[in-house]
Amino acid sequence: MKEKPFACDICNKTFSLLQNLELHLHTHTNEKPLECIVCKKGFSKLSSLKTHFRTHTEEKPFACDSCNKSFSQKSSLKSHSLTHTKEKPFACQLCNKAFSQRGTLKTHLLTHTKEKSFVCDICTKAFSVKSNLKTHLLTHTKEKQFACELCKKAFTRQSNLKDHLRTHTNEKPFSCYLCNKTFSYYKGFKIHLQTHTKEKPFVCEICNKAFYEKRVLKCHLLTHTKEKPFACKVCNKAFSQKFSVKIHLRVHTNERPFLCGFCNKAFSVKSNLKKHLLTHTKEKQFACELCEKTFSQQSHLLEHLRMHTKEKPFSCYLCNKAFSYDKSFKRHLQLHTNEKPFECDVCNKGFSTLSGLKRHFRIHTKEKPFECEFCNKTFSQKASLGSHLRTHTKEKPFVCEMCNKAFSFKSELKRHFRMHTNEKPFQCDMCNKAFPQKSDLDRHLRTHTKEKPYICDVCDKAFSDQSSLKTHLRTHTNEKPFACNMCNKAFHVLSTLKTHLLTHTNERPFTCHVCNKAFYVRSTLKAHLLTHTNETPFSCEFCSKAFSQKQHLITHLRTHTKEKPFACDMCNKTFSRSESLKVHLWIHTKEKPFLCHVCNKTFSLKQSLTIHLRMHTKEKPYACGVCNKTFSQNTHLRTHLRIHTKEKPFVCDLCNKAFSDHSSLKKHSQIHTKTKPFSCDVCNKVFVSTRNLKIHMRIHTKEKPFPCHVCNKTFSYKQSLIIHLRMHTKEKPYACGVCNKTFSQNTHLRTHLRIHTKEKPFVCDLCNKKFSYKQSLKVHLQTHTKEKPFSCDFCKKIFSLKSHLKLHLRTHTKEKPFSCDVCNKAFSQKQSIKMHLRTHTKEKPFSCDFCNKAFSSKQTLKGHLLIHTKEKPFSCDFCSKTFSQKQYLKMHLRIHTKEKPFPCVFCDKAFSQMHILKGHLRTHTKEKPFACDFCYKSFCLRHHLNSHLRIHNKQETMHL
């Protein structure tokens with residue numbers, strides 16, 4: 001045995017080396033002579049300081065041979081290697097449980113000794129491990145030093161942060177070897193394994209119920225003790241679980257952290273989200289074996305099975321009444337106690353159940369969370385949705401025992417049964433009239449009392465029965481639940497649908513006895529009869545104007561009283577007529593119910609559609625009496641008439657300038673105010689009017705709402721479409737007063753006039769050169785900047801103008817959009833077709849000032865002028881030969897470059913010039929267009945003809 005001669009005077013521990021004893025003594029004196037230069041932390045050993053310093057340098061010199069994971073300490077590597085070997089060398093002597101690390105064994109032994117030597121100074125709570133005490137202290141200091149870099153959420157433990165990070169990385173490192181299911185957390189993995197082993201180690205001592213987790217057992221025990229240790233800070237409501245308090249608090253904070261990925265509906269509890277998701281997936285995995293009905297939840301299936309088994313496990317101890325469902329039983333108990341613990345905050349009405357309060361609260365919030373999958377109609381109660389669904393499924397589960405007639409609703413069956421019994425249990429006290437239903441009696445009584453208890457929340461109009469209010473509310477919501485089976489037209493009221501159906505059958509049951517005219521509705525007949533009697537029984541008390549119908553009088557009276565009872569919910573604007581409010585609401589809802597069948601454009605107003613249709617029909621029903629000019633709109637005619645009358649009724653308050661129409665005044669007033677109240681959300685550009693903003697927005701949205709009916713090309717602006725249409729119609733309404741030349745656009749005429757006026761308003765800042773056209777200035781500026789920003793994707797050739805690039809691209813695409821109306825020859829450029837047309841018209845507008853010779857193109861004239869000036873500005877870089885025209889230089893350069901860009905399609909022979917190729921092709925086609933006038937011999941090339949003509953010339957001289 002190794003000798004240890006050096007003993008510690010304090011604890012008698014012995015050491016073989018003196019330096020080891022010295023280091024040991026530091027544990028008693030708590031002396032730490034070695035200090036870290038980075039964080040100033042003290043250490044008693046040099047090796048401990050070295051190991052610590054690696055936390056700063058992030059050095060990890062110890063690497064695992066199996067997985068290449070590296071560690072800063074050798075001991076950490078040793079512990080890690082045991083995860084590969086699965087070796088657990090440290091065993092507990094009491095329970096034989098084995099551990100891979102000694103420290104873990106030490107911690108485990110404390111579970112047997114129940115020793116808790118680490119005590120909290122604040123709350124005296126004791127812990128067996130020091131690390132647990134450290135973590136506990138953070139609950140007092142509220143310190144959370146481990147923060148997530150992705151979502152900034154903070155944690156007290158590093159292990160908790162590691163677990164949390166997996167929610168971002170979606171990492172699931174724990175895999176079940178039985179079913180390959182993966183888990184993010186070790187605890188979840190452990191609990192899952194028990195589902196395979198069926199092991200439930202935590203047993204309740206009271207009812208022997210077993211659980212997978214200790215936490216769940218603790219919660220379960222509270223159901224026996226009725227203990228509720230967790231109270232809500234807001235309303236003092238007590239709960240048995242801390243988690244339940246967290247969920248409950250969301251009722252107060254209105255927090256709903258669980259969001260549906262389909263419809264963005266939010267929930268306060270995750271389980272509610274899961275249930276809700278089944279409404280989208282339509283998944284119903286629990287099926288009844290007896291009737292094959294399926295359910296989304298197992299609890300619903302269990303409840304349903306009691307319908308078949310007639311089992312009623314819930315019995316009332318007061319009256320012995322039994323119930324199939326727990327909910328029904330609880331609700332029944334409250335009938336005995338008359339307890340209504342749930343009170344509405346708005347109207348203080350009490351309810352026996354929370355669900356009853358929730359349903360009631362929807363009356364105030366107008367919330368309708370239950371949507372019909374067939375017609376998208378929404379309901380405030382699930383039961384109402386169930387009843388409504390029967391209108392689609394045509395299910396009628398309630399059958400009359402006497403006549404076997406089936407009904408969708410139980411209430412309908414009850415009412416029907418009174419037909420057989422002739423029972424009318426509800427009698428009026430005033431007139432003794434009897435009714436089969438209480439609702440009928442209530443409605444009848446109001447005819448005596450004139451009471452109208454049902455008030456519209458939107459316009460405050462009162463009604464005597466709820467059904468009338470419901471019908472009225474549809475005028476605000478624009479709900480039309482009654483649809484015609486023949487034409488799909490929808491209506492607010494069933495009676496209106498019935499009347500409408502007569503338009504299909506052409507049945508008119510109400511006939512006028514005076515003129516035999518027939519009507520669909522009795523009220524229309526009544527109104528019609530007044531046209532025969534000329535009776536106007538409804539008179540205005542202000543202006544004595546009389547009306548045949550009461551409704552017309554009511555509407556008219558509002559012109560005097562200035563009453564506007566119909567208010568918009570969104571902007572509070574008021575209207576005197578319900579029709580005006582309807583039209584206005586479409587501004588907010590963006591609803592455009594009137595569709596043009598020609599171009600599919602939609603409109604908010606029927607009148608707007610009528611006006612729009614005149615664009616297609618070219619109808620202009622409003623004619624000017626002075627000049628016979630016609631208009632599609634009456635307003636346009638009125639504005640036009642002011643040209644003749646010189647009337648300018650709209651006057652500016654600031655400068656007294658007068659205008660013939662209101663829109664012109666509006667535009668003018670903004671000159672004074674300098675206001676541009678309408679700004680673009682995308683680029684912040686401001687505009688004078690909403691119309692200008694709308695037009696501008698099309699730049700961002702790329703919207704082109706104006707299509708050409710000839711070629712289907714679309715345009716962002718109406719004016720652009722009008723200009724484009726002139727391409728098809730060949731209309732040129734703008735004529736030059738000097739030379740009578742016509743143009744399709746006013747801007748083109750203005751530009752043309754500068755030829756006559758010699759006006760050059762565009763000046764170059766660099767050389768003061770002037771130009772008639774802005775585009776010419778732009779082109780010129782690039783001679784200074786040498787800028788060529790437009791590049792060809794095919795050959796990388798660059799251009800100074802986008803228009804030049806467009807033209808160039810046609811050399812690649814072979815596109816020739818301009819065709820001659822005379823010979824159908826196609827051209828890639830507009831200028832080329834113009835020049836070509838002159839070959840048909842024989843027009844030569846460009847004449848030489850020297851010899852009066854005329855040319856069809858300006859370019860040809862320029863080339864000709866060089867003959868007179870003897871100027872040859874184009875020189876060859878190879879041989880210094882000069883040329884008068886650029887094209888001659890191009891042709892000459894091919895002599896040097898040996899380029900032959902014109903290949904023959906028949907024999908692979910290539911030529912440097914096009915006209916040589918043309919001549920060569922005739923050798924293949926045998927075409928001989930050059931004929932001799934003397935002997936009618938023909939040739940394929942002109943110079944062959946010329947050579948031939950010399951034979952005749954020689955013969956002629958010989959005869960002479």
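**Exercise 1. In this predicted model, decide whether F189 is buried or exposed, then work out how its ring sits against F183.**

*Solution.* Start with F189: its relative accessible area is 12%. The cut-off for buried is under 20%, so F189 is buried. Now do the same for F183, which comes out at 14% and is therefore buried too.

Next, the rings. A pair of aromatic rings is described by the distance of the centres and the angle of the planes. For F183 and F189 the numbers are 6.4 Å centre to centre and 45 degrees between the planes, which makes a tilted pair. Zoom out a bit and both belong to an aromatic cluster with F174 and Y186.

**Exercise 2. Classify the ring pair F323 and F329.**

*Solution.* The centres are 6.4 Å apart and the planes meet at 45 degrees. Stacked needs under 30 degrees and edge-to-face over 60, so this pair is tilted. F323 and F329 are both buried. Searching the whole structure turns up six aromatic pairs.

**Exercise 3. Find out what surrounds the buried D661.**

*Solution.* First, locate D661: it's in the loop between strand 48 (658-659) and helix 24 (662-673). Then look for a charge partner. R642 is the nearest side chain of opposite charge, but it lies 6.0 Å away. A salt bridge needs 4 Å or less, so D661 has none. What D661 does have is a side-chain to side-chain polar contact with S660, at 3.5 Å. Skipping neighbours within four places in sequence, D661 touches T639, R642 and F650.

Notes
Residues are numbered from 1 along each chain as its sequence is written. This is a predicted model: local features need pLDDT of at least 70, side-chain atom pairs count only at pLDDT 80 or more; totals for chains, interfaces and linings use all residues. Side-chain values use heavy atoms; hydrogens and water are left out. Helices (H or I, at least four residues) and strands (E, at least two) are DSSP runs, numbered from the N terminus. Buried means under 20% relative accessible area, exposed over 50%, partly exposed in between (1.4 Å probe, protein chains only). Lys and Arg count as positive and Asp and Glu as negative; His and the chain ends are not counted. A polar contact is a pair of N or O atoms within 3.5 Å; within protein, one must be able to donate a hydrogen and the other to accept it, and residues adjacent in sequence count only if both atoms are side-chain atoms. Contact means heavy atoms within 4.5 Å. Rings of Phe, Tyr and Trp (its six-membered ring) pair if their centres lie within 6.5 Å; planes under 30 degrees apart count as stacked, over 60 as edge-to-face and the rest as tilted.
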